[in-house]
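Welcome! Take a moment to look over the sequence and the 3D view, and then we can go through a few questions together.

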Amino acid sequence: MDAFQVHTTFVNQLRTLNATQQDVQKSVSFAMRHIDNHEDLWSCIIQACQEASLNLKMNILYFIESLCEMSSSVGPEPFYVQHLARDLKVLVTLLVPDSREGLLNLYGTKQVVRNWRNRRFIDQEAFDGADDLLRRRQHWSHVEQHSPERLVREDRHLKGDVIGRMSKQQRIDRMNEDRERQKRLREQRWILPTPSAVGQHRALATLPATLSANDAALDKEFDDAWEMTSEWNEDDDDAIDEENDLCFPGVTFGRRVP
């Protein structure tokens, strides 16, 4: 194929991309096979995100994840990962439009971006910028002034309003592809990098020289555990009081014993 054929073939693949792993891997293999045209192919991805429907945007997002994973594991220069780091905020802007409709893609995009952060695809600064943009998208209607319960009700109401505008077939397609994408995301969460894999990852170039590959793998596990931990609350205080009473009955630790 010449450059024009590669371009047109890839554009057509993106326009018809679905959420199945088979279809995603087909497009990933094509992009890696023609990696010499990576700049042009990445511009095709950005253009596709501009023109695609909300559902297709999510398929492209999961395709980008698979593409960057492949790029960082097989090549000496992870070109697609570098493009992602450069254009992450642009992608988030396109994937989650600043409108009622954009709320449909908000939660799924946040999950994928968090997964990229945990797997250290790109540096923390790029993720911070994307996270900040996603938070602003969530509060586009100024619902941040209300209580958390009100925020949840508002989100559900707006999403229901958007879904209600879809045809029956569009709703069915969205549900089926959301199910496929969630399956893929759950599979990714089970994958923890081995020390050797972490040590080879290009993103670790920004880590201190004293940090070993094994330390980085353990740090990844800590990050995952931290994400699953709730904020400190009164239940934690009560649990500590109970433990203190069992170990040191009758001894006060900053509180009055009844």
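**Helices and core**

The axes of helix α5 (residues 79–95) and helix α7 (residues 124–138) come within 9 Å and cross at roughly 10°. This is a predicted model, where local features need pLDDT of at least 70 and side-chain atom pairs count only at pLDDT 80 or more, while totals for chains, interfaces and linings use all residues. Residues are numbered from 1 along each chain as its sequence is written, and side-chain values use heavy atoms, leaving out hydrogens and water.

Q: Are α5 and α7 roughly parallel or roughly antiparallel to each other?
A: Their axes cross at roughly 10°. Angles under 35 degrees count as roughly parallel and over 145 as roughly antiparallel, so α5 and α7 are roughly parallel.

Q: Which residues of the largest nonpolar core touch the most other members?
A: A nonpolar core is a set of buried Ala, Val, Leu, Ile, Met, Phe, Trp, Tyr and Cys residues joined through side-chain atoms within 4.5 Å. This one has 48 residues, and those touching the most other members are Phe-63 and Ile-64.

Q: Which helix gives the largest share of this core?
A: Among the elements that give two or more residues are α1 (3–15) and α4 (54–74). The largest share, nine residues, comes from α4.

Q: Is Gln-13 buried or exposed?
A: Gln-13 is found in helix α1, and its relative accessibility is 13%. Buried means under 20% relative accessible area, exposed over 50% and partly exposed in between (1.4 Å probe, protein chains only). Gln-13 therefore counts as buried.

Notes:
Axes are lines fitted to C-alpha atoms, for helices over the stretch in contact, and angles run from 0 to 180 degrees between N-to-C directions. Helices (H or I, at least four residues) and strands (E, at least two) are DSSP runs, numbered from the N terminus. Angles under 35 degrees count as roughly parallel, over 145 as roughly antiparallel, 65 to 115 as roughly perpendicular and the rest as oblique.
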